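Please open the structure in your viewer and keep the selection panel at hand. The tour below goes from the whole chain to its metal sites and then to a sheet.

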Amino acid sequence: MNEGAKVIGKSTGPVREIRINPIVPSQSVLVATARSMRPKKEEPPAPHDARPHVDACPFCRGNEMRTPPPIAQVPANDDWQLRIVENLYPVLGDDRENPHFAFGLQQTIDGYGRHEVIIDHSSHGIRVHEMSEEHLVLLLSTYRGRMETLYHSNDRLKYVLVFKNFGPAAGASIGHTHSQIIAMPVVPDNVQAEVRNSSAYYQASHRCIFCSLIDEALTFEATLYDRGSGEVRRTISVGQFVIERSERFVAIKPFASRYEWEVHILPLAHGADFLDANPEDLVDLARMFRRTMARLNDVLGGVQYNFFLHSLPHGGEYAGCAPSYHWHIEICPRTSIPTGFELGSGLFVNTLCPEDAAERLRNVLLRG
Ligand SMILES: [Zn+2]
Ligand SMILES: [Zn+2]
Ligand SMILES: [Zn+2]
């Protein structure tokens, strides 16, 4: 290899480069792997509380009176497997009763919305990779069902965000496994940016950028040779970002991963709206989700993470974006605390080369 040779992904030395997010270019990431350059504080894995029942926990069976009345409970008896309740401390509610004061440039919009908690499982300390696939199908169908109901409940709701915080480093205030749903009157900025940029790409190329990235990840491999000497100048194997592919989904390590162990799961067939996922899709997704979480758990020895579901916002102005937007799940393990550099610059710093992380995740031996 000559001097300029570079094999992407085989980090023979420290990597330091700014990677542009292909979908949202303003969200770039500094990949800096040398220890001396790490401007962040590493978070040690938190001890996991595996107890199936905790007397003091408001989400455990037998303590149902400590939550608001359930919106739904499956099955609808004392042996429930999953419950949906209003959040006791909602970030959004119906604020029309408390008109606010707006002056000059300091305008606000009514905080109309809904905030619900899904108690994912009756077992307090169970983790996603320990849940049965049948249970995960129930959980995913519940997300889908609540999103549908909430979108239809009020025209002022523009986006229904499903997310999960797991572990104290991810901001979970209650140890019992749970997810949250916030129906909001605005589309979150990051979803808006994905929708807008993918739509612009579609205008130019008539292709969905997410589909293009999946195709690239599954097929693209290239070796560049030096014209003079004939030596290998650079080997690019975009396939090294793929962690796993199933019949209907793919788990990918984003090229410009903001978090060291960030993984995205996307349907292989184009679809903008998670509500269009059919029951067979959810069975395959449940398996992919469980396996991905098992890989992360194995590599990290206990994973604390945020999980977000990104799907096409509802409302007339987004209807035209169905060909260009592609729903997906973002799993963001929290292994460090952002410091002033990240917060002040808005530039994420990733101290692990995404290709190396993908390889380690791919190499985890899974049982089942
Ligand atoms: Zn509990
Ligand atoms: Zn697509
Ligand atoms: Zn997204």
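Helices, of at least four residues, and strands, of at least two, are taken here as DSSP runs and numbered from the N terminus. Counted in that way, the protein, which is a predicted model, has seven helices and 18 strands.

**Whole protein.** Begin with everything shown, and colour the residues by burial if your viewer allows it: of the 368 residues in the protein, 51% are buried. The accessible surface comes to about 17700 Å², and carbon and sulfur atoms hold 54% of that area. Among contacts in the protein with a separation of 6 or more, 69% are between residues 24 or more positions apart.

**Zinc ion, ligand 2.** Next, select the zinc ion (ligand 2) together with its protein donors, which are Cys-208 (SG), Cys-211 (SG), His-270 (ND1) and His-326 (ND1), at 2.0 to 2.3 Å from the ion. The angles among the four donor atoms run from 106 to 113 degrees, and the site is tetrahedral. Along the sequence, the donor residues follow the spacing C-x2-C-x58-H-x55-H. His-270 is found in the loop between strand E14 (263–267) and helix H4 (279–300), while His-326 is in the loop between helix H5 (316–319) and E16, so this pair ties together parts that are 56 residues apart in sequence. Is each of these two histidines buried or partly exposed? His-270 has a relative accessible area of 35% and is partly exposed, whereas His-326, at 0% relative accessibility, is buried.

**Zinc ion, ligand 3.** Now move to the zinc ion (ligand 3), where the coordinating atoms come from Glu-194 (OE, listed twice), His-310 (ND1), His-328 (NE2) and Glu-330 (OE), at 2.0 to 2.7 Å. The donor residues of this ion are spaced E-x115-H-x17-H-x1-E in sequence. Within this group, His-310 in strand E15 (residues 305–310) and Glu-330 in strand E16 (residues 328–333) form a pair that links distant parts of the chain, 20 residues apart. Both His-310 and Glu-330 are buried.

**A three-stranded sheet.** Finally, select strands E2, E3 and E18, which form an open sheet in the order E2-E3-E18 with mixed pairing. Strand E2 (16–19) and strand E18 (348–350) are the edge strands, each pairing on one side only. Neighbouring strands of this sheet are turned against each other by 25 degrees on average, with direction ignored. Zoom in on E2 and strand E3 (residues 29–32), which pair in the antiparallel sense over four bridges, and look there for Arg-16, which stands opposite Ala-32 in E3.

Definitions and conventions:
Residues numbered from 1 in each chain as written. Chains lettered and ligands numbered in written order. Predicted model: local features only at pLDDT ≥ 70, side-chain atom pairs only at ≥ 80, totals over all residues. Heavy atoms only, no water. Donors = N, O, S within 2.8 Å, 3.2 Å for Na, K, Ca; no water. Buried < 20%, exposed > 50% of the residue type's maximum accessible area, 1.4 Å probe, protein only. Contact = heavy atoms within 4.5 Å. Areas by Shrake-Rupley, 256 points an atom, 1.4 Å probe, with all protein chains shown as cover. Pairing = 2+ DSSP bridges. Axes fitted to C-alpha atoms, helices over the stretch in contact; angles between N-to-C directions. Tetrahedral: all angles 85-135°; square planar, octahedral: opposite > 155°, others 65-115°.
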